[in-house]
Amino acid sequence: MILSEQEQLRRQKRLDLMALGIDPYPAEAYPVNVYAKEILSDYSPESANFQDVTLAGRLMGFRIMGNASFAELQDASGRIQLYFRRDDLCPGEDKTLYNTVFKKLLDIGDIIGVKGYVFTTQMGEISVHVREFTLLSKALKPLPVVKEAEGQTFDAFSDPEMRYRQRYVDLIVNPSVKDIFIKRAKIISTMRAMFDERGWLEVETPVLQAVHGGASARPFKTHHNTLDMPLYLRIANELYLKRLIVGGFDGVYEFGKMFRNEGMDRTHNPEFTSLEFYVAYKDYHWMMDLTEKIFETVAQTLHQQTKVMVGDNAIEFAGPYPKLSISEAILKYSGVDVDALSEDALRAKCLEFGMEVDEQMGKGKLIDELFGEKVEANLIQPTFIIDYPVEMSPLTKKHRSKEGLVERFELFVNGKEIANAYSELNDPIDQKERFEDQLRLAEKGDDEAMVMDHDFIRSLEYAMPPTSGIGIGIDRLTMLMTNQASIQEVLFFPQMRPEVIKEVSSDADFVQAGVAEYWIPALQKMGILTLEALKAANPNKVFNDLGGLRKKLKIEAAMPSKEEVVAWIES
C-alpha cells in the first residue's frame, strides 16, 4: 500500500500523540449534552444560556492565529464555530496542549470533544469558547477539501463512483446527501404510522425461499449445505403475506429487501426495498383510494405541501389520479389497438416500431413491452393504469365485468412505475391453472416466468377472504420525493463492480532489484509501482525525474548515477 504524504504525516502525528501519553482512540464514553443545531437555534445572549456545553464532532476547518484560534466542528446536526485560547486551555506554564497538540498534531477530519460556553463573536457569529478539548479519534486519511464561497461550491466531492464507493466520505463532506436519507427514513415512518393506526400488523417473511414466487423476475440462487437443497433470495414476499391473510390477520405489511438478478441502470438495483401490504375484504378500487392518501400524506409530511418538483416537472400528489386501462393507454400514445390484434399481429407491430421482441414472448409480454416503449414516458402526473390482460397477471383476480382482463392497477409517476396492486386471486383452482400457464411460458424460454408453488395453492384451498394487496418501491418513491434522477443516490451502498486496486510491489522487492530504500517513494511518485513497471521504464526519463523529485521530497542522499538507474531497470 502506497501512502500519500498526508497519510504519512498523520501516522507520524498518531505516534507523536502516543509519545505525549495521549491515546488517539480512547475507550471512555464522552458525555455530549447538546448539539450544534440546538445551540444555533436557541442561544440568546440576553438569557446567557448554554454556559456549560459539551459537544463532540469532526473538525472541518482551522484558523490558527497565534495564541488564539478558530475551528469548525461538525456533529450529527450541523456545524458550529469553536474558539480556542491558549491560556484558557493551558493556564499553567506547560502550553503543550495548545502549542503542540492543538496547533501541530490535530488535522481536519479528526473527531474531538469540547467543553465550554457559548458566546457571540465580534463578527456576530455564535461560537463555543472551548475550556477543554479531548481527542476522540485521529483521522489517518485526509478528507476531500470542499470549499464554499458566496453560495458556490468549489472542489466538490462529486465523482459518482467515488461517492457511492465511499459513502461515508460523501456523508461527511456533502450535507445534502444526509438529508436524502433522513427523508427516506421519514417516508417509511410516515407509512408505518398510517398502517399502525389502521391496526395492521407489521411482519417478517423469509428472505431465503425454496420457491421464488410473487413476481416475474430472475432470482439469485444459492445452496443450503446442511439441507443439501437450492434456495433463492426472494424476488417478492407476496405469497407469504397472503398466507398470513389466510391465517386470520385482516391486514399485514412488510418493508423488506427484494433481490432480482437482472440489469442495473438509473432506476434498477439488484437489491431494493419494497413495501407490500394486504388487507382482507377489500378490492382494487379501495386500494386506489388508499394509495392516493398514502402518497399525498408522504408528500405533505416531507414538503408541507402536496406539489413536489421532480426535475423540471411539478408533480401534484393530491388525488384523485386519472385512470386509464392499459389498452386505452397504448391506443392513446401509440395508435395500436392491442385488443383487436392476435399475438402474431402484435409481434409484427412491435417489430415495425423497431422493438426487440422474439417468438418466446406471449401476448401479455408483448403488451408489456409495447407499453414500456410507447406509454410510460408520457405518464408524468400520477396516473393509474388499470385492467390488465389476464396473461400479464398470474396472481390477480379476473375482472368482475370485463372478459379476459384482471383487476390490477399500476401507479406511474414521472414516467416510472411506483406501485403495483391487485384484487388478489383467491380461487385455488384458477390459481393453479395460472401457474401452469406460467410453466408453459417457461418451457418456451421465458426465464422470468413464475414457478409452481404447491404450498401456496394449498393455503388458498383453506379459503382466503377477498383481499387487495399492493407493492410500492421505496427506492423509487424516495427518488421522487427527494428529486433524484438515479436510484444510486437514495441507497446508502448501491451495488458496484469490484474496485480495481492497483498492484504494488513491496519495498523489499525494490531493494532486491538494487533500488536504495530512500528512492522508492520517488519512483512511486512517478507511477512506478511494480518491478514490471520499473523494467518497462525509460532510464533517461527516470534519471531526469529523480533529480526533480529529490528536491521536492527532500531526499538528502546523493543522486544515483545514470549507470545505477540503468542497473535497476535491467536487473
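**View 1. Here are domain 1 and domain 3, with 42 Å between their centres, taken over C-alpha atoms.** The chain is split into domain 1 (5-143), domain 2 (178-322 + 381-489) and domain 3 (507-570), with bounds that come from an automatic or database domain assignment. Keep in mind that this is a predicted model: local features need pLDDT of at least 70, side-chain atom pairs count only at pLDDT 80 or more, and totals for chains, interfaces and linings use all residues. Residues are numbered from 1 along each chain as its sequence is written, and side-chain values use heavy atoms, with hydrogens and water left out.

**View 2. Five strands close up into a barrel.** Going round, the order is S1-S2-S3-S5-S4, and the pairing is mixed. Strands here (E, at least two residues) and helices (H or I, at least four) are DSSP runs, numbered from the N terminus, and two strands pair if DSSP finds at least two bridges between them. Neighbouring strands of this barrel are turned by 50 degrees against each other on average, direction ignored. Zoom in on strand S1 (residues 53-65) and strand S4 (residues 111-120): six bridges join them, and they run antiparallel. One place to look is Gly57, whose bridge partner in S4 is Ile112. As a general reminder, strands of a sheet pair through backbone hydrogen bonds, either parallel or antiparallel.

**View 3. Eight strands line up in an open sheet.** Read across, the order is S8-S12-S13-S20-S19-S18-S17-S16, again with mixed pairing. At the edges sit strand S8 (201-202) and strand S16 (323-325), each of which pairs on one side only. Strand S16 runs parallel to strand S17 (residues 383-389), and three bridges join the two. Across from Lys323 you'll find Phe384 in S17.

**View 4. Two helices meet the open sheet: H10 and H15.** Helix H10 (residues 326-334) packs on the sheet and touches S16 and S17, where contact means heavy atoms within 4.5 Å. The direction of H10 makes about 90 degrees with that of S16. Such angles run from 0 to 180 degrees between N-to-C directions, and the axes are lines fitted to C-alpha atoms, for helices over the stretch in contact. Helix H15 (residues 474-482) lies across strand S12 (251-259), strand S13 (271-280), strand S18 (405-413), strand S19 (416-423) and strand S20 (467-473). Against S20, helix H15 runs at about 60 degrees.

**View 5. Glu417 sits in strand S19.** UniProt, in an unreviewed entry, places the feature "binding site" at this residue, Glu417. UniProt positions are given in the numbering used here, feature names are shortened, and annotations may be inferred rather than shown by experiment. Glu417 counts as partly exposed because its relative accessibility is 28%; buried means under 20% relative accessible area, exposed over 50%, and partly exposed in between (1.4 Å probe, protein chains only). Leaving aside neighbours within four places in sequence, Glu417 is in contact with Glu410, Leu411, Phe412 and Arg476.

**View 6. Two residues that aren't glycine have a positive phi: Asp387 and Asn414.** Asp387 belongs to strand S17, and its phi is about 60 degrees. With a relative accessibility of 2%, Asp387 is buried. Asn414 lies in the loop between S18 and S19, with a phi near 55 degrees. At 25% relative accessible area, Asn414 is partly exposed.

**View 7. Gly319 and Pro320 are joined by a cis peptide bond.** Omega is about 0 degrees here. Pro320 is in the loop between strand S15 (313-316) and S16.

**View 8. Glu489 is found in the loop between H15 and helix H16 (507-512).** Its relative accessible area is 13%, so Glu489 counts as buried. The side chain of Glu489 makes a polar contact with the side chain of Arg163 at 2.8 Å. A polar contact is a pair of N or O atoms within 3.5 Å; within protein, one must be able to donate a hydrogen and the other to accept it, and residues adjacent in sequence count only if both atoms are side-chain atoms. Not counting residues up to four places away in sequence, Glu489 touches Arg163, Tyr164, Arg167, Ile180, Phe181 and Gln484.
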